[in-house]
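Me: I've got a new structure to look at, and I'd like to know where the descriptive words come from. Can you take me through it?

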Amino acid sequence: MSPGAIAQQAVVASPRVHELLQKLHRLSEAQEASMSQIFFYLKRLFAFYLFRSEWSAAADDHMRDKFVSLEQDKCHMMYLLARSSGARNIVEAGTSFGVSTMYLALAVGQNVADARAASGHAVTGKVIATENEPTKAARARSHWKEAGDEIEPWIELREGNLLETLRVEEGMPDQIDMLLLDIWTPMALPTLEIIRPRLRKGAIVLADNTIMAKPLFKELLDYVHDTANGFKTTTMPYSGGLLMAVYLPE
């Protein structure tokens, strides 16, 4: 079965949106498969293991034009989790070029439509996306605009340092149904700590590459594995590992 046919089985979207997503995934996959990008990741891991080296300005420069998008199979799983849980308010930490955001926006728009039809009330929802790099934010907005009304109206992009932008009360839903952590690893736990007071019971938290970069995610993993913090966790065996934590406080 072709990637396009698999996508259509998993995700409800117009042919135009499916074609755009397929194109963006191909571009991202080509970047990730390049020797320069593989070498970059290996160098970052060795620098951490050997010298506890953190992120640098040079690393920022290298990543400025990189998609680093969530792989397509992970996006399908994320979309289906959002649809099955009825998620209407989602936070995405680390938007980059906005590919995974599009799946979240599709799910939110469809969940809102279902809730409105069932209740007859004016139900709302949105994806709060975050991106610190202005050039990436601009690319993301252009992709959402190209996708059109299925996606663009459901996204609020907060540009800048997410540890500041996610603290802005205006426009922030009282309850968050899902949180995607696809970001520089030291930012993962601080982001979760900001959002946790708003997580509804049963909210889903996803974090990418938690097997490949397990040492870098130590603080986050220790936090979600501590039962006192109210999470039940599993790691799905996708490439690099995909952590799923469900917020079930007593």
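**Reading the words against the numbers**

Me: Which strands does helix α10 lie across?

Reply: Helix α10 (residues 218-225) lies across β4, β5 (199-208), β6 and β7 (242-247). Its direction is at about 130° to β6. Angles here run from 0 to 180 degrees between N-to-C directions, with axes fitted as lines to C-alpha atoms, for helices over the stretch in contact. Under 35 degrees is roughly parallel, over 145 roughly antiparallel, 65 to 115 roughly perpendicular and the rest oblique, so α10 and β6 count as oblique.

Me: What kind of model is this, and what should I know about its numbering?

Reply: It's a predicted model, where local features need pLDDT of at least 70 and side-chain atom pairs count only at pLDDT 80 or more, while totals for chains, interfaces and linings use all residues. Residues are numbered from 1 along each chain as its sequence is written, and side-chain values use heavy atoms, leaving out hydrogens and water.

Me: How many helices and strands are there?

Reply: There are 10 helices and seven strands. Those are DSSP runs numbered from the N terminus: H or I of at least four residues for a helix, E of at least two for a strand.

Me: Why are β3 and β6 said to stand at the edges?

Reply: The seven strands form an open sheet in the order β3-β2-β1-β4-β5-β7-β6, with mixed pairing. β3 (155-159) and β6 (231-236) each have a single partner strand, so one side of each has no neighbour in the sheet.

Me: What makes β1 and β4 a pair?

Reply: Two strands pair if DSSP finds at least two bridges between them. Strand β1 (residues 89-93) and strand β4 (residues 176-181) share four, in the parallel sense, so they qualify. One of the matches sets Ile90 against Met178 in β4. Helix α7 (residues 134-147) also packs on the sheet, touching β2 (126-131) and β3, and its direction makes about 170° with that of β3. That's in the roughly antiparallel range.

Me: Why is β1 called largely enclosed?

Reply: Buried means under 20% relative accessible area, exposed over 50%, and partly exposed in between (1.4 Å probe, protein chains only). Five of the five residues of β1 are buried, so the strand is largely enclosed by the rest of the structure. Asn89, Val91 and Ala93 cover one side, with Ile90 and Glu92 on the other.

Me: What makes Ser100 buried?

Reply: Ser100, in helix α6 (residues 99-119), has 4% relative accessibility, so it counts as buried. Contact means heavy atoms within 4.5 Å. Leaving aside residues up to four places away in sequence, Ser100 touches Leu70, Cys75, Met78, Glu92 and Leu180.

Me: Why are α5 and α6 described as roughly parallel?

Reply: Helix α5 (residues 72-85) packs against α6 at an angle of about 20°, with the axes 9 Å apart. That angle makes α5 roughly parallel to α6.

Me: What is unusual about the phi of Ser96?

Reply: Most residues other than glycine have a negative phi. Ser96 has a positive one, near 55°, and sits in the loop between β1 and α6. With a relative accessible area of 7%, Ser96 is buried. Asn209 has a positive phi too, about 65°, in the loop between β5 and α10.
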